[in-house]
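Reader: Please take a close look at one part of this model for me, starting with a helix and the sheet it packs against. I would like to know what surrounds that part and how it fits with the rest of the chain.

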Amino acid sequence: MAAKEESEHGQPEHNQPDHEPGTSTEHGVSRRAALRTGAIAGTTLAALGTGQLGAAAAGQQPPEVLGAEDRSWPPRRGRTMMGVPFEPRAQVRVGIIGLGNRGSAMLPLFLAVPGMRVTAVCDVDPAKVAKASSVITGKGYPAPATFDEGEHAFEWLCRRDDVDLVYVVTPWDWHVDMALAAMRSGKHVGVECPIATTVEDLWELVNTSEQTRRHCLQLENCCYGRNELRALRMAHEGMFGELLHGSGAYLHDLRELLFSDTYYADQWRRDWHTRLDGDLYPTHGLGPVASYLDINRGDRLVRMTSMSTPALGLADYRARHVPEGDPKWRERYVNGDVTMSLLQTEQGRVIHLVHGVSSPHPYSRLNHLAGTKGVFEDYPPRIYLEPDATDHRWRDWDDYAEHDHWLWKEVGPGPGGHGGMDYLMLYRLGQTMRLGLPPDMDVYDAAAWNAPFALSALSVRYGSLPMPVPDFTRGRWRTPHPGPDSEKP
């Protein structure tokens, strides 16, 4: 390969890797996607370390004892990352991989966060890279390094020494490879949802984070919603009493976007509905509820069971909106229109988790929390809390605004992004990195919140068989450490 012109940071400016990708087709689903989907059952069962579940996968009788606690942890490659602070810095330099719908929307928010700069951008589409570069220079910042030549151009971005944090916002099949490349290049990494789709990959992210001493974060914006943070603070103040159960969901009618020829590049997201039957997007619902229940900070997820409805919605939409003869008519949809799961914790508390994007439904994340003294539920927000309420009538959630998190009281929604939660997520991440504080969410949270992706598919496949949730903390789940209910620095 011809020599490349080097930049001042020792990497080519127009930056393709020295090897061919070799993992994707020119159009449609990559070989990586097919391999990763096919591995969900086999490698997840192996990663769970449960011989009984392996027997079930082989077509034998299901185990008599279900959901047994898993102690078959992979060997630890390094020390725990729980409560480990970032190294302080005056400025946080960000490299963004992926400049589609989400990446281009988040770029201006990164530029608005005090002490954050975007120093490198990457996408397989040169036009998107050029547009992002013009956005950055239009705000008065120096032009970023640009990477757009080939699927593995992201590797050059990860190797730069003017990047502290890599933000991964690409189709799901690339999330793990990019996060691993970032950490192995000495960078902290924040990944859009879901961070991984198999339990094996979740363990690899945990192990690599511990080994490299780099944080690997699920950037879950819903943990920073105003209602979510208010409910979290009230829960920690004991206002709900002893916590009993909660609910979370991703109910979002995506049919029009799923069938768009342009919204998802190569229509990658609809393809997942032909590959897997389970909860394909668990963290928006689970992240906030796991925070309420102090998962990995005094309690942990132990087991889950799932079931799905028939997969009818996308075929129905296609019949009404897609002309016969279109290639979409060759697709067979297998992901149920709604997947419902129940997760139980070590303390016996229960989480109801729902996923549904293929049928008519107003947007909702449920966002429900109940304890011995009362209950909060969202969409619309309302509360019933003793001793304030004794007449069996809901009370106004706004009556409890005094319990808002300091981020909402003193920083506010800024330039927005899903009502402000996007900006506050980035603001808080930038703050912890600049001040040398531990992140609000760590790799163990990322692994626990994303495990239902693979585990729900296995549970559905085997007749709602309860699946053990691995303890990614390797026994440290009782350890207090910072979370989204943060104190103001």
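Author: This is a predicted model, and the helix to start with is α15, residues 443-461, which lies across β8, β9, β10 and β15. The direction of α15 makes an angle of about 50 degrees with that of β8. The strands under α15 belong to an open sheet of nine, with the order β14-β13-β12-β11-β7-β10-β9-β8-β15 and mixed pairing. At its edges are β14 (395-396) and β15 (467-468), and each of these pairs on one side only.

Within this sheet, β9 (residues 339-345) and β10 (residues 350-356) are antiparallel partners joined by six bridges. One residue pair places them in register: L342 has H352 in β10 as its bridge partner. The loop between β9 and β10 contains G348. Is G348 buried, exposed or partly exposed? Its relative accessibility is 36%, and because the partly exposed class runs between 20% and 50%, G348 counts as partly exposed. The C-alpha atoms of G348 and V302 are 9.0 Å apart, although 46 residues separate the two in sequence. V302 falls within β8 (301-308).

A second helix, α11, also lies across strands of the nine-stranded sheet, namely β7, β8, β10 and β11. Its direction is at about 160 degrees to that of β7. Both α11 and α15 therefore have β8 and β10 among the strands they lie across, where contact means heavy atoms within 4.5 Å.

There is also a cavity lined in part by residues of these elements. The whole structure has five cavities of 30 Å³ or more, and the second largest has a volume of about 60 Å³. Its lining consists of N296, R300, L301, A448, V469, P470, D471 and F472. Of these, A448 lies in α15, and L301 lies in β8. By class, the lining has five nonpolar residues, one polar and two charged.

Next comes α8, residues 226-236. Eight of its eleven residues are buried, so α8 is largely enclosed by the rest of the structure. The buried residues are N227, E228, L229, R230, A231, L232, M234 and A235. Which elements cover them? They include α11 (283-292) and α13 (406-411), together with the strands β7 (243-251), β11 (368-371), β12 (374-377) and β13 (382-385). These four strands are members of the nine-stranded sheet. After α8 comes G238, with a positive phi near 80 degrees.

The other sheet gives the wider setting. It is open, with six strands in parallel pairing and the order β3-β2-β1-β4-β5-β6. The edge strands β3 (145-147) and β6 (216-218) have a single partner each, so one side of each has no neighbour in the sheet. From one strand to the next the twist averages 25 degrees. Strands β1 (residues 92-97) and β4 (residues 165-168) run parallel and are joined by four bridges, with G95 partnered by V166 in β4. Helix α14 (residues 421-435) packs on this sheet, where it touches β1, β2 (116-122), β4, β5 (188-191) and β6, at about 135 degrees to the direction of β1.

The largest cavity, of about 80 Å³, has residues of α14 and β6 in its lining: each of these elements gives two or more. The largest share, four residues, comes from α14. In full, the lining is L217, Q218, L219, Y224, M425, R428, L429, T432, P439, D440 and M441. Seven of these residues are nonpolar, two polar and two charged.

The last stop leads back to α15. S209 belongs to helix α7 (residues 199-212), and it counts as buried because its relative accessibility is 0%. Leaving out residues up to four places away in sequence, S209 touches M81, M183, R214, H215, C216 and V443. V443 is in α15, C216 is in β6, and M183 is one of the buried residues of α6. Helix α6 (residues 175-184) has eight buried residues out of ten, so it too is largely enclosed by the rest of the structure. The residue G186, which follows α6, has a positive phi near 85 degrees.

Definitions and conventions:
Residues are numbered from 1 along each chain as its sequence is written. This is a predicted model: local features need pLDDT of at least 70, side-chain atom pairs count only at pLDDT 80 or more; totals for chains, interfaces and linings use all residues. Side-chain values use heavy atoms; hydrogens and water are left out. Two strands pair if DSSP finds at least two bridges between them. Axes are lines fitted to C-alpha atoms, for helices over the stretch in contact, and angles run from 0 to 180 degrees between N-to-C directions. On a 1 Å grid over the protein atoms alone, a cavity is a set of points where a 1.4 Å probe fits but cannot get out, and a pocket is an open set with protein on both sides within 12 Å along at least five of seven lines; lining residues have an atom within 4 Å of a point. Grid points are joined across faces, edges and corners, and a volume is the space filled by probe spheres set on the points. Ala, Val, Leu, Ile, Met, Phe, Trp, Tyr, Cys and Pro count as nonpolar, Asp, Glu, Lys and Arg as charged, and the others, Gly among them, as polar. Buried means under 20% relative accessible area, exposed over 50%, partly exposed in between (1.4 Å probe, protein chains only).
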